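Biologist: I'd like to learn how to read a model like this one. Can you walk me through it, feature by feature?

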Amino acid sequence: MELEELKSVWVKVINKECIKYEFSQNKAKEMIQKKSNTLLTKLENQLRYKRWFCFIIGGITIPISSIYLFIKDDSNYLFENIFSPIEMFSIILILGLALIFLGINISLNYKKIIALKTTSENLKVTLKRVSHILKAIMKTTVYYDTIIVPFISFLVLYRIFFNEESFLFDIRILYILLGTLITFLFIRYVSKRQQETRFGPFVKNLEACILDMDVLDD
Amino acid sequence: MNNKQQEQLFVKQVTDSQGIIHKVCRMYCHNDEHRKDLFQEILIQLWNSYASFRGDSKFSTWMYRVALNVAIQDFRKVKKEQKLFSSTPKFKEISEEEISSADDDNLKLIHNAISSLNKLEKAIIMLHFDNKSNEEIASITGISQNYVRVKMNRIKAKLKKILTH
């Protein structure tokens, strides 16, 4: 088969597809509305998964932490050289509670989005509010990460440098602070990136939908 | 021209040249769902960019540019990030009954042939099939006429190899 034959096949296929399509401003609006609603549904699903992830992992972590209450100081356990069982219990409990609180935060915001979808009469306003809610969720998650992880890093470093010794103001304090600062900066970067990857496309697409609606309103 | 007249003119021009959108969709998407999404995205983009169309070039040239931009850049990005559009644009699709086995073979043939081309090559061959001159192809795709000629020769060679197999 030659290129000219392929061309004629192509023209034939396209001609079949060229069925008159009536396009109007209302149809454009309709399309953007459908696109926005689909976007909101996808976002709801994403938040639902994240909420359950936090609740399940947090819910598992809390009972696990209680195991450390029954472990004797001279037994073998994770990080036995750094932390005592009661300290391990506290750290794991804090991690679990942080996840539960994060889950609650996401859950509340998820409910806000559902309420907005059902009560708001204007889709553009809904999209703007959802965009704000989403940004708030991203910020909160980054806050949680940048508080909890450096805090644990601080405890670990403190234990490494001052193991069994009383606290003294010396160069070790600088090492601990430096280590904590590096962990803070690293975790903030990683957490921000992670949130951007997960929710950034949603924010971008929500803003694009709002822009589309602005153009149509003009 | 007021908004209403502008809208009417746009609707008329898009309706008359809608074949361009069908061509771009057919060239860049091989399944119905993607094609519907792309069709919808191109229409929205055309509608949004219409205010910036000053008539310096032909409407069809401008339409090709917008449609190809969406197909090559934005659509790919959106699809990569996540599937956002599950809604169906209201344009009549060819039903299964309407597709005869001959048409089906033709579609397979076209898919086989164009799947070996990259995004720019797809744009060039599509415009060539639409009887556009090298000058017009260069103007729409934003590459030089010489490069269009070189590319065309390579595409022809590539397709010939596939079609003779």
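Modeller: Sure. Let's begin with one residue: Asn131(B) is exposed, as 9 other C-beta atoms lie within 10 Å. Keep in mind that this is a predicted model.

Biologist: Where does Asn131(B) sit in chain B?

Modeller: Asn131(B) belongs to the loop between helix 6 (119–129) and helix 7 of chain B.

Biologist: And what is the phi of Asn131(B)?

Modeller: Start with the general idea: most residues other than glycine have a negative phi. Now the case here: Asn131(B) is not a glycine, yet it has a positive phi of about 60°. You meet that phi just after helix 6 of chain B.

Biologist: Which residues are buried in helix 6 of chain B?

Modeller: Buried there are Lys122(B), Ala123(B), Ile124(B), Ile125(B), Met126(B) and Leu127(B).

Biologist: Let's move along the chain. How do helix 7 and helix 8 of chain B cross?

Modeller: For a helix pair, look at the distance between axes and at the crossing angle. The axes of helix 7 (residues 134–141) and helix 8 (residues 145–164) of chain B come within 9 Å, with a crossing angle of roughly 105°. Angles of 65 to 115 degrees count as roughly perpendicular, so helix 7 of chain B and helix 8 of chain B are roughly perpendicular to each other.

Biologist: Which residues of the two helices meet?

Modeller: From helix 7 of chain B come Asn134(B), Glu135(B), Ile137(B) and Ala138(B), and they meet Gln145(B), Val148(B) and Arg149(B) in helix 8 of chain B. Sorted by class, this contact has three nonpolar, two polar and two charged residues.

Biologist: What about the loop between those helices: is Ser144(B) buried or exposed?

Modeller: Ser144(B) lies in that loop, between helix 7 and helix 8 of chain B. It has 11 C-beta neighbours inside 10 Å, so Ser144(B) counts as exposed. You can also check a distance here: Ser144(B) and Asn134(B) are ten residues apart along the chain, and their C-alpha atoms are separated by 9.0 Å.

Biologist: Now the inside. Which residues have the most contacts in the largest nonpolar core?

Modeller: The general idea is that, in soluble globular proteins, nonpolar side chains tend to be buried together. In this model the largest nonpolar core has 62 residues, and those with the most contacts inside it are Ile21(B), Val24(B), Ile42(B), Leu43(B) and Ala67(B). Helix 4 (residues 59–81) of chain B gives the largest share of this core, eight residues. Domain 1 (1–93) and domain 2 (95–165) of chain B each supply at least three residues to this core.

Biologist: How many helices and strands are in each chain?

Modeller: Chain A has five helices and zero strands, while chain B has eight helices and zero strands. For burial, 22% of the 218 residues of chain A count as buried; in chain B, buried residues make up 33% of the 165 residues.

Biologist: How do I read contacts by their separation in sequence?

Modeller: Take contacts between residues at least 6 apart in sequence. In chain A, 78% of them join residues at least 24 apart; in chain B, 66% do.

Biologist: One last residue: is Lys35(A) buried or exposed?

Modeller: Lys35(A) has its place in helix 2 (residues 25–67) of chain A. A residue is buried if 20 or more other C-beta atoms lie within 10 Å; Lys35(A) has 22, so it is buried. The C-alpha atoms of Lys35(A) and Asn205(A) are separated by 9.5 Å, although these two are 170 residues apart along the chain.

Terms used: Residues are numbered from 1 along each chain as its sequence is written. Chains are lettered from A and ligands numbered from 1 in the order in which they are written. This is a predicted model: local features need pLDDT of at least 70, side-chain atom pairs count only at pLDDT 80 or more; totals for chains, interfaces and linings use all residues. A nonpolar core is a set of buried Ala, Val, Leu, Ile, Met, Phe, Trp, Tyr and Cys residues joined through C-beta atoms within 7 Å. A residue is buried if 20 or more other C-beta atoms lie within 10 Å of its own, exposed if 12 or fewer, and partly exposed in between; C-beta atoms are placed from the backbone. Helices (H or I, at least four residues) and strands (E, at least two) are DSSP runs, numbered from the N terminus. Domain bounds come from an automatic or database domain assignment. Axes are lines fitted to C-alpha atoms, for helices over the stretch in contact, and angles run from 0 to 180 degrees between N-to-C directions. Angles under 35 degrees count as roughly parallel, over 145 as roughly antiparallel, 65 to 115 as roughly perpendicular and the rest as oblique. Two residues are in contact if their C-beta atoms, placed from the backbone, lie within 7 Å. Ala, Val, Leu, Ile, Met, Phe, Trp, Tyr, Cys and Pro count as nonpolar, Asp, Glu, Lys and Arg as charged, and the others, Gly among them, as polar.
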